[in-house]
Amino acid sequence: MKPQNLIYTFVSYASHYDTPWGHGTAVEGVERTARLAHAHGIPVTWIVNRGSIPVLGEQIRQWHEAYGDDIILQCPFFMEDMGMSKDALKGRLEADWNLVKEAFPWATTKIAGRGKIYNEVIEVLEELDFQGMWGYCWEQVWWDGITHKGIPWGSWYVDSHRYKVPHPGKGKVVACEWTARDLHLSYHTGSPVIYSTDPNDVLRAGLCTGEEITYWKMLFDEYLANTDHNEQVFFLQQQEAHEMEFSDRFQVFPASHVEACEGMLDRFFAYVAQCGVTLTTLPKALASYHESNAITAPSYMLTKDKPIRPEVNDYTMTLGGVAAGPWPDTFFYYDSQCQMVFVKGECKPRLVRNYVGQWDMQDEFEEKIPPLFITTYEKTSERIELVYEIGNWKPMPFGLTYWDDELSDYEIESCSSDVEMKVIQDELAFLRFNLTGEKRTIRLVFRRKM
């Protein structure tokens, strides 16, 4: 593993609210959250708005000096707050960022945050030189009014005219997920909200308790293992400060839930801090992403089942229950052109999402999978040879895998041209290429290591 390649960021909503479920700024929740994170050397990225800046400004400035805390700006809802007016949104964001500059002059990487995202929102962010948009939710449908199914996970350059699709080149705005998901169990169960790093969600689902966070540890270890073959693996975790408070102003969850989430975060922060990963803020992580990547960085994630299942209760039954598994090892991949999912033992993908030429943001970008034939497969103690054949098929991004638990004994001798090759954890070989409409034959040869 390369633990320094895992970029851990902790984000906390710390905005002013005037809603049926809360009023004001959750100062008590903010202070509780800060105390937990800072005790383990973890800087917090606070999501602020014009109402919370004067309330929290002095405290955040002190935490910035002492612990490196940073801020991002809550984006108004484009539809509900701004009446779907780009000019109104631009004016509000411009005015609000001026408040940020006055209160936090060290905040130079401009990031907005909100889960309800539209093309117009990204366009305005580009016009105002924002570098990031936090709030994307991989595989999510309906929950909190957010349907993002079809997008990549993690961090990627977003196309301002197609907010669910990676930019074909170096975009101006990096998309950031709301909170990291369990790719494996989210995909196989269709329950990304439950299998996540959100404290309240895993608590209500019975995956973790205030004293028991084995599930979170296993999930973090899985991300950590994938640093072997990724330059950067992003693990962003978020918790709302108003969900860490039980007071006259905020009672989103009962006091027992606040206490349990406090225990979960305390234990998880301690676990993360001793793993040797990169602990940073979201603005610093995104500034590094812009510096390091001229195009959306490919992501390679090999995932496995976890022997922990949610409870059957009113929360997990909300969207029709949660499938129980068990589920096979699964490899997830995306780049600027596509997203693919492969199940252990299968050479062709179970899922291909094609981002090239897409324009309908109600779509999930899924393609039909062409038939695949292995016309040669020979494995000896000295070599492995495979020949893959695909007939005439529409032009689109594509990929194949070869799974073999003995790959550590072999090295690649040759592969057909125009194919990118990567061996993942000595368990599978991944081949990335594009279909052109013509028949395609790919020959792959391994030779035993000397």
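This section describes the nonpolar cores, enclosed and open spaces, salt bridges and backbone features of a predicted model.

The largest nonpolar core of the predicted model comprises 112 residues. Within this core, Y8, W46, W134, Y136, Y215 and F220 touch the most other members. Helix α8, which spans residues 255–273, provides the largest share of the core, with eight residues. The surroundings of F220 illustrate the packing: leaving aside residues up to four places away in sequence, F220 touches L6, Y8, F235, F268, Y271, V272, C275 and V277. Y8 therefore appears both among the core members that touch the most others and among the contacts of F220, where contact means heavy atoms within 4.5 Å. Another core, of 32 residues, lies apart from the largest one. Its members include L302, M340, L407 and F430.

A search of the whole structure returned one cavity of 30 Å³ or more. The space in the largest cavity amounts to about 60 Å³. Its lining consists of T9, G154, S155, C176, E177, F234, L236, L282, A285 and L286. Two strands and a helix, β10 (174–177), β11 (233–238) and α9 (282–292), each contribute at least two residues to this lining. The largest share, three residues, comes from α9. Sorted by class, the lining of the largest cavity has six nonpolar, three polar and one charged residues.

Open pockets were also examined. The largest pocket has a volume of about 890 Å³ and is lined by 36 residues. Of these lining residues, Y13, Y17, W21, F77 and W178 lie nearest the centre of the pocket. Elements that each supply at least two residues of the lining are β2 (16–19), α3 and α6 (199–205). The lining of the largest pocket divides by class into 13 nonpolar, 10 polar and 13 charged residues.

For the second largest pocket, the volume is about 340 Å³ and the lining has 24 residues. Nearest its centre are N230, E231, Q232, A297 and P298. At least two lining residues come from each of β11, α9 and β13, with the largest share, three residues, supplied by β13. Strand β11 and helix α9 thus contribute to the lining of the second largest pocket as well as to that of the largest cavity. By class, the lining of the second largest pocket has 10 nonpolar, 10 polar and four charged residues.

Side chains of opposite charge can pair when their charged atoms come close. The structure holds 27 salt bridges. One of them joins the side chains of K116 and E80, with an N to O distance of 2.6 Å. K116 is in the loop between β6 (111–113) and α4 (119–127), whereas E80 is in the loop between β5 (70–74) and α3 (86–103), so this pair ties together parts that are 36 residues apart in sequence. Both partners are partly exposed: the relative accessibility is 23% for K116 and 43% for E80.

A further salt bridge links the side chains of D329 and K344 at 3.9 Å, N to O. D329 belongs to the loop between β13 (299–303) and β14 (330–334) and K344 to the loop between β15 (338–343) and β16 (351–354), so parts 15 residues apart in sequence are tied together by the pair. D329 is buried, with a relative accessible area of 16%, while K344 is partly exposed at 33%. Salt bridges with shared partners join K304, D329, K344, D405 and E427 into one network. The side chains of R383 and E385 also meet in a salt bridge, at 3.1 Å from N to O, and both of these residues are buried.

Three backbone features were noted in loops. G325 and P326 are joined by a cis peptide bond with omega of about 5°. P326 lies in the loop between β13 and β14, the loop that also holds D329. D144, a residue other than glycine, has a positive phi near 60°. This residue is in the loop between β7 (132–136) and β8 (155–159) and is exposed, with a relative accessible area of 56%. D426 is likewise not a glycine and has a positive phi of about 55°. D426 is located in the loop between β21 (420–424) and β22 (428–435) and is partly exposed, at 35% relative accessibility.

How values were computed: Residues are numbered from 1 along each chain as its sequence is written. This is a predicted model: local features need pLDDT of at least 70, side-chain atom pairs count only at pLDDT 80 or more; totals for chains, interfaces and linings use all residues. Side-chain values use heavy atoms; hydrogens and water are left out. A salt bridge is a side-chain nitrogen of Lys or Arg within 4 Å of a carboxyl oxygen of Asp or Glu. Helices (H or I, at least four residues) and strands (E, at least two) are DSSP runs, numbered from the N terminus. Buried means under 20% relative accessible area, exposed over 50%, partly exposed in between (1.4 Å probe, protein chains only). On a 1 Å grid over the protein atoms alone, a cavity is a set of points where a 1.4 Å probe fits but cannot get out, and a pocket is an open set with protein on both sides within 12 Å along at least five of seven lines; lining residues have an atom within 4 Å of a point. Grid points are joined across faces, edges and corners, and a volume is the space filled by probe spheres set on the points. Ala, Val, Leu, Ile, Met, Phe, Trp, Tyr, Cys and Pro count as nonpolar, Asp, Glu, Lys and Arg as charged, and the others, Gly among them, as polar. A nonpolar core is a set of buried Ala, Val, Leu, Ile, Met, Phe, Trp, Tyr and Cys residues joined through side-chain atoms within 4.5 Å.
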